[in-house]
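Me: Could you take a close look at the aromatic rings in this one for me? I'd like to hear how they group and pair up, and what surrounds them.

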Amino acid sequence: KEGNNQEFHAEGGIGVISSRLTNQGPIKKKKCSFIVSGRRTYIDILLQPFISPSSPLKGSGYFFYDLNAKLNYEFSDKDKLFISGYFGRDVFTYDNSQTGFNVSIPWGNTTLSARWNHLFSDDLFMNTSLIYTNYQFQSILTEDQFTFDLYSGITDFNAKCDFNFYPSVKHTIKFGFDYTYHIFTPSTVSGSVGSVNLNLGENSHLYAQEPAVYISDDYDLSNKVKLNLGVRYSAFQQVGPYDYYINNSNGDITDTVHYASMKNVVFYQGIEPRFSIRYSLNKVSSLKASFTRNDQYMHLPSLSTISLPTDVWVPSSMNIKPEIGTQYALGYFRNFKKDMFETSVETYYKTMANMIDYIDGSTYSDSYMNNFDHSFTTGKGWAYGVELFIKKNTGKLTGWIGYTLAWSYRNFPANNDSLT
């Protein structure tokens, strides 16, 4: 939403689960406006009186809150500036004095962005954006005199420029480039037993940069055939400061290689093509097919030995190659009763290479005074399924129903050839 540039408005609501409030109005009429909106849930407070003291759920709670803000300024018919921000947190807690077991898991995102929209002509316009994002996850566990604290996060600084070009009504070309500088905090574990602190390492940071360029072309070959062709070149470079530990066959550290700030540690690159075609069988039905290949340089491994939700993102490195996903899809689409109903059935098949997982028996503390990636193993995955969809567009009752039947498999030979 963009703020009202004519007059001030305020609206809100109080509900059983959450409350919200929105304010908007002009800073300079017809030129500059703002909108600020916030909300908070409180079902965690309302449910407590209804939970029995003997229930295992006693003391558990969950809530979230978020804040959105946006500022718009119209310099001219061809230039507009948008500044926006978002801050949100989810918090899960469990505090039961009878069991002596307490859990606090807060996580959330913060983002700030500035976007300049420029119209070169009726056929060409540009969006240039500067974006800051920060993700944080923390899991704090306390039982009797023992405390366990896990922290992880990502901070990104991103600049990108996107162009839309319309040579004709049946032809659209999109192209652009972007650059992201990543700061990772993969996992920092600390703990204490009574008054004794168990420090398993300071906050370790990893640094990387990720540039990319792309171009895509939407073209109507005829009234029956529509094509979309695209290609994206991406690269990923882990850079210093970074200390790489050299281990012997027993796992003992024998030497350390230090990389200074912005010095290359490892470099990856990839070509990501995509293709889709739509063929209209008649006025109410069509066939669609697509192929995409994507490189993912960031990874989300899961540690099954800890029975708590944990989000730990790590970058590609010397020992972790980029994940590669390749997907094929085919679908049939048909409308009924003068477009009152839309229906579709789609099937897909996807392969995934260079997936990562923790080696069996690993813990987060294994990275203390060692390489952050030495506890990972690689594997492959594949997935396939079918999706059914029906939507009613008109009439007194509208809505949609979707059903997906899917299978997804992972195979990591180092973990006893496990298949999940």
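Reply: Let's start with a group: Tyr 349, Trp 382, Tyr 384, Trp 407 and Tyr 409 come together as one aromatic cluster. Keep in mind that this is a predicted model. Ring pairs add up to 20 here, going by centres within 6.5 Å.

Take Phe 8 and Phe 34 as one of them. Their ring centres are 6.3 Å apart and the planes meet at 55°, so the pair is tilted. That label follows because the cut-offs are under 30 degrees for stacked and over 60 for edge-to-face, with the rest called tilted. As for where the two rings come from, Phe 8 belongs to the segment before β1 (9-14), while Phe 34 is in strand β3 (residues 32-41), so this pair ties together parts of the chain 26 residues apart in sequence. Phe 8 is exposed, at 58% relative accessible area. Phe 34, at 23%, is partly exposed; the reason it isn't called buried is that buried means under 20%.

Now for a stacked example. Tyr 181 and Tyr 207 sit 6.5 Å centre to centre, with just 25° between their planes, and that makes a stacked aromatic pair. This one also links distant parts of the chain: Tyr 181 is in strand β9 (residues 171-193) and Tyr 207 in strand β11 (residues 206-220), 26 residues apart. Both Tyr 181 and Tyr 207 are buried.

Rings here have charged company too. Arg 115 places its charged end over the ring of Phe 82, 4.2 Å from the ring centre. Lys 288 does likewise with Phe 333, its charged end lying over that ring at 4.3 Å from the centre.

Stepping back to the whole protein, you're looking at one helix and 23 strands. The C-alpha atoms fill a box of roughly 70 × 55 × 45 Å along the principal axes. Of the 420 residues, 35% are buried, a group that includes Tyr 181 and Tyr 207. If you count contacts between residues at least 6 apart in sequence, 58% of them join residues at least 24 apart. The two ring pairs described above, Phe 8 with Phe 34 and Tyr 181 with Tyr 207, each bring together residues from separate parts of the chain.

Last, the outside and the charges. The protein exposes about 24,300 Å², and carbon and sulfur atoms supply 58% of that. There are 36 positive and 39 negative charges, and their mean positions lie 15 Å apart.

Definitions and conventions:
Residues numbered from 1 in each chain as written. Predicted model: local features only at pLDDT ≥ 70, side-chain atom pairs only at ≥ 80, totals over all residues. Heavy atoms only, no water. Phe/Tyr/Trp six-rings, centres within 6.5 Å; stacked < 30°, edge-to-face > 60°. Helix = DSSP H or I, 4+ residues; strand = E, 2+ residues; numbered from the N terminus. Buried < 20%, exposed > 50% of the residue type's maximum accessible area, 1.4 Å probe, protein only. Lys NZ or Arg CZ within 6 Å of the ring centre and 35° of its normal. Contact = heavy atoms within 4.5 Å. Areas by Shrake-Rupley, 256 points an atom, 1.4 Å probe, with all protein chains shown as cover. Lys, Arg positive; Asp, Glu negative; His and termini not counted. Charge placed at Lys NZ, Arg CZ, Asp CG, Glu CD.
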